[in-house]
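Student: Could we go through this structure together? I would like to begin with the overall fold and then turn to the contacts.

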There are 2 protein chains.
Amino acid sequence: MEESGFSLDTLRYYERIGLLPPVERNAAGQRRFTDDDLGWLGMVRCLRDTGMPIAEMLRFAELTRQGDETIPARVTLLEEHDLQVEAQLASLREKQAAIRRKIAYYRDVLAARDTPDPAGCDDLAESAAGARSR
Amino acid sequence: MEESGFSLDTLRYYERIGLLPPVERNAAGQRRFTDDDLGWLGMVRCLRDTGMPIAEMLRFAELTRQGDETIPARVTLLEEHDLQVEAQLASLREKQAAIRRKIAYYRDVLAARDTPDPAGCDDLAESAAGARSR
DNA sequence: CCTTGACCTGGAGCCCACTTCAGGTGAAAT
DNA sequence: ATTTCACCTGAAGTGGGCTCCAGGTCAAGG
């Protein structure tokens with residue numbers, strides 16, 4: 001397992017499907033990853049970890065193999081992906097806020113429960129506003 | 001398809017696996033989702049969209065069904081998940097920065113290419129620092 | 001009265017991204 | 001010399017999360 005952070009199996013898989021160009025071998029037929037390979041794998045990691053599907057990484061890989069005339073296309077592809085990442089970030093932040101509100105709600109319920117109602121406060125606490133708990 | 005944002009098939013699937021409690025039916029046997037169901041589905045959407053695996057949502061669902069004594073456990077679960085979301089956000093931002101650096105790098109290459117070398121500047125442009133392109 | 005259409009069921013199928021398997025090779029350690 | 005070990009190959013299997021199918025029921029519309 002290389003320190004690309006991918007398992008050897010995954011690397012073989014990537015090579016098979018063409019996400020990694022044919023990797024060089026030593027005398028015994030074992031893979032020798034070059035710095036170039038490692039650089040490319042860094043990119044792959046980035047794209048994969050930001051949710052790009054393999055099919056699109058393959059498109060990108062192919063553009064890359066076709067030389068510098070495809071740089072504008074690669075920029076376009078990456079910019080589109082950047083937008084997706086931006087959207088992911090926005091969505092994630094939003095959902096995180098909701099989760100935190102839920103936690104806060106649960107905390108309130110616990111606090112209310114652990115407060116032995118300060119005498120003379122007859123119970124209108126049940127079904128408090130916005131208490132859609134589940 | 002309800003406006004829970006899930007497909008009807010997905011809702012049936014969730015009910016089958018117990019992520020959704022047995023949904024009420026009308027006379028004809030058709031599902032009638034209550035506001036409670038919709039509220040819960042909102043939660044499910046939140047958790048799912050932040051990457052919680054179904055198995056853990058099932059744990060959460062079960063806690064929820066067990067009543068208020070499980071609220072501390074639910075808080076714990078959600079807090080752990082919140083940490084995961086935080087980690088996701090951090091990772092995503094980091095990778096996004098890398099993608100943007102790549103875009104910037106490509107832009108530089110294009111700019112350099114489109115600049116018809118201002119006479120007398122003999123070419124040391126090739127293999128510029130940090131140019132691990134691929 | 002019949003067609004259309006939306007839903008029902010259990011079960012099979014699908015897509016993605018790996019992961020595991022069976023069988024084999026070659027260098028290194030005891 | 002033989003065991004061990006890390007790698008090799010092509011092919012099959014896995015797990016997660018849906019999605020689709022065949023066959024059936026009901027209610028409403030023409």
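Tutor: The turns below take up the fold, one helix, the two protein chains and the DNA. Please keep in mind that this is a predicted model.

Student: How many helices and strands does chain A have?

Tutor: Chain A has four helices and zero strands. In sequence order the pattern reads α-α-α-α.

Student: And how much of chain A is buried?

Tutor: Buried residues account for 16% of the 134 residues in chain A. As for contacts between residues at least 6 apart in the sequence of chain A, 41% link residues at least 24 apart.

Student: Let us take α3(A). What are its length and span?

Tutor: Helix α3 of chain A covers residues 54–65, which is 12 residues. From the first C-alpha to the last, α3(A) reaches 16 Å, close to the 16 Å expected at 1.5 Å a residue.

Student: Which residues of α3(A) are buried?

Tutor: They are A:M57, A:F60 and A:A61. These residues lie on the same side of α3(A), because they cover an arc of only 105° around the axis.

Student: Why would residues three or four places apart point the same way?

Tutor: An α-helix has 3.6 residues a turn, so residues at that spacing point the same way.

Student: What do the buried residues of α3(A) pack against?

Tutor: They pack against two elements of chain A, α2 (35–49) and α4 (71–114).

Student: What is found just after α3(A)?

Tutor: A:G67 follows there, with a positive phi of about 90°.

Student: Changing topic: how is chain B related to chain A?

Tutor: A turn of 180° with a shift of 0.0 Å along the axis lays chain B on chain A with an RMSD of 0.1 Å. That is the relation of a two-fold axis. In chain B, B:L89 has the C-alpha nearest the axis, 3.3 Å from it.

Student: How many residues does each chain put into the contact?

Tutor: Chain B contributes 35 residues and chain A contributes 35 residues. On the side of chain B that touches chain A, α2 (35–49) and α4 (71–114) of chain B each supply at least two residues. The largest share, 25 residues, comes from α4(B). By class, that side of chain B has 16 nonpolar, seven polar and 12 charged residues.

Student: Why do the copies meet through the same surface?

Tutor: Of the interface residues of chain B, 100% are also interface residues in chain A, so the copies meet through the same surface.

Student: Now the DNA. Which residues come nearest to strand C?

Tutor: Of the 15 residues around DNA strand C, the nearest are A:D9, A:Y13, A:P53, A:I54 and B:R31. Two or more residues of this surface come from each of α1 (8–17) and α3 of chain A and α1 (8–17) of chain B. The most come from α1(A), with three residues.

Student: What classes of residue make up the surface near strand C?

Tutor: The surface near DNA strand C has seven nonpolar, four polar and four charged residues.

Student: And which residues are closest to strand D?

Tutor: DNA strand D is surrounded by 14 residues, and the closest are A:Q30, A:R31, B:Y13, B:P53 and B:I54. At least two residues of the surface near DNA strand D come from each of α1 of chain A and α1 of chain B. The largest share, three residues, comes from α1(B). By class, the surface near DNA strand D has six nonpolar, four polar and four charged residues.

Definitions and conventions:
Residues numbered from 1 in each chain as written. Chains lettered and ligands numbered in written order. Predicted model: local features only at pLDDT ≥ 70, side-chain atom pairs only at ≥ 80, totals over all residues. Expected span 1.5 Å × (residues − 1). Buried ≥ 20, exposed ≤ 12 C-beta atoms within 10 Å, placed from the backbone. Arc of directions from axis to C-beta. Contact = placed C-beta atoms within 7 Å. Least-squares fit on C-alpha atoms with pLDDT ≥ 70 in both. Near = placed C-beta within 6 Å. Nonpolar A, V, L, I, M, F, W, Y, C, P; charged D, E, K, R; others polar.
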